[in-house]
Amino acid sequence: MNLTEEKVCELCERKGVETTVHHLVPKEEGGRNMATVNLCIPCHRQIHALYSNRDLGLRLNTLEKLKKDEKISRYLHWIKKQNNENIIRIKNSRERRMKK
Ligand SMILES: [Zn+2]
Ligand SMILES: [Zn+2]
């Protein structure tokens, strides 16, 4: 695990999030070899909850189109306000003295 590397979600642009690969044109719609984007888990889940694979492949097959879609832009507005405040990062900030 590389903890120094900060992953960025290409949709909400939050940093330090866990990202997953999203096929802009779903594989089921023939997008196997087409562009992919890295999305954080909430964004990825949201996209698939809002749209069918067919919708994604036909209408929302670029990041720009996704961002402009009304439902997503409303969601983005909300998640950006959440920032990282509600997301607990697994980090042990306490320094313990170890005796050997
Ligand atoms: Zn995101
Ligand atoms: Zn996806």
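Accessible area is the area computed by the Shrake-Rupley method with a 1.4 Å probe. By this reckoning the protein, which is a predicted model, exposes about 8100 Å². Carbon and sulfur atoms supply 49% of that area.

## Overall architecture

The chain contains four helices and two strands. Read from the N terminus, the order of these elements is β-β-α-α-α-α. Of the 100 residues in the protein, 30% are buried. Among contacts with a separation of 6 or more, 48% join residues that lie 24 or more positions apart.

## Helix 1 and its surroundings

Helix 1 spans residues 41–50, and its buried residues are Cys-43, His-44 and Ile-47. Why do they lie on the same side of helix 1? They cover an arc of only 100 degrees around the axis, and this places them on the same side. A general property of helices is relevant here: an α-helix has 3.6 residues a turn, so residues three or four places apart point the same way.

The face of helix 1 that is turned away from the buried side carries Arg-45 and Ala-49, which are exposed. The buried residues, in contrast, pack against other elements of the protein. These partners are strand 1 (19–23), strand 2 (36–40), helix 2 (53–58), helix 3 (63–68) and helix 4 (70–82).

## The two zinc ions

Which residues coordinate the zinc ion (ligand 1)? The donors are the SG atoms of Cys-9, Cys-12, Cys-40 and Cys-43, at 2.2 to 2.3 Å. In sequence, these donor residues follow the spacing C-x2-C-x27-C-x2-C. The angles among the four donor atoms are 102 to 117 degrees, and the site is tetrahedral. Four donors count as tetrahedral if all angles lie between 85 and 135 degrees, so the site qualifies. For comparison, the ideal angle for four tetrahedral donors is 109.5 degrees. Two of the donor residues, Cys-40 and Cys-43, are both buried.

The zinc ion (ligand 2) is coordinated by His-22 through ND1, and by His-44 and His-48 through NE2, at 2.0 to 2.1 Å. The sequence spacing of these donor residues is H-x21-H-x3-H. Within this site, His-22 in strand 1 and His-48 in helix 1 link distant parts of the chain, being 26 residues apart. Is His-22 buried or exposed? His-22 counts as buried because its relative accessibility is 1%. His-48, with a relative accessible area of 36%, is partly exposed.

Helix 1 thus contributes to both descriptions above: Cys-43, a donor to the zinc ion (ligand 1), and His-44, a donor to the zinc ion (ligand 2), are among its buried residues.

## Salt bridges

The structure holds six salt bridges. The table lists three of them.

| Residues in the salt bridge | N to O distance |
|---|---|
| Glu-13 and Lys-67 | 3.2 Å |
| Arg-59 and Asp-55 | 3.9 Å |
| Asp-69 and Arg-59 | 3.5 Å |

The salt bridge between Glu-13 and Lys-67 links distant parts of the chain, since Glu-13 is in the segment before strand 1 and Lys-67 is in helix 3, 54 residues apart. Glu-13 is partly exposed, with a relative accessible area of 46%. Lys-67 is also partly exposed, and its value is 24%. The backbone of Glu-13 deserves a separate remark: its phi is near 65 degrees, a positive value in a residue other than glycine.

Which residues are linked in a network of salt bridges? Asp-55, Arg-59 and Asp-69 form this network. Arg-59 takes part in a salt bridge with Asp-55 and in another with Asp-69. Asp-69 lies in the loop between helix 3 and helix 4, whereas Arg-59 lies in the loop between helix 2 and helix 3, so the pair ties together parts that are ten residues apart in sequence.

The three members of the network can also be described by their accessibility. Arg-59 is partly exposed, with a relative accessible area of 43%. Asp-55 is partly exposed as well, at 27%. Asp-69 counts as buried, because its relative accessibility is 13% and the limit for a buried residue is under 20%.

Technical notes
Residues numbered from 1 in each chain as written. Chains lettered and ligands numbered in written order. Predicted model: local features only at pLDDT ≥ 70, side-chain atom pairs only at ≥ 80, totals over all residues. Heavy atoms only, no water. Donors = N, O, S within 2.8 Å, 3.2 Å for Na, K, Ca; no water. Tetrahedral: all angles 85-135°; square planar, octahedral: opposite > 155°, others 65-115°. Buried < 20%, exposed > 50% of the residue type's maximum accessible area, 1.4 Å probe, protein only. Contact = heavy atoms within 4.5 Å. Arc of directions from axis to C-beta. Salt bridge = Lys/Arg side-chain N within 4 Å of Asp/Glu carboxyl O.
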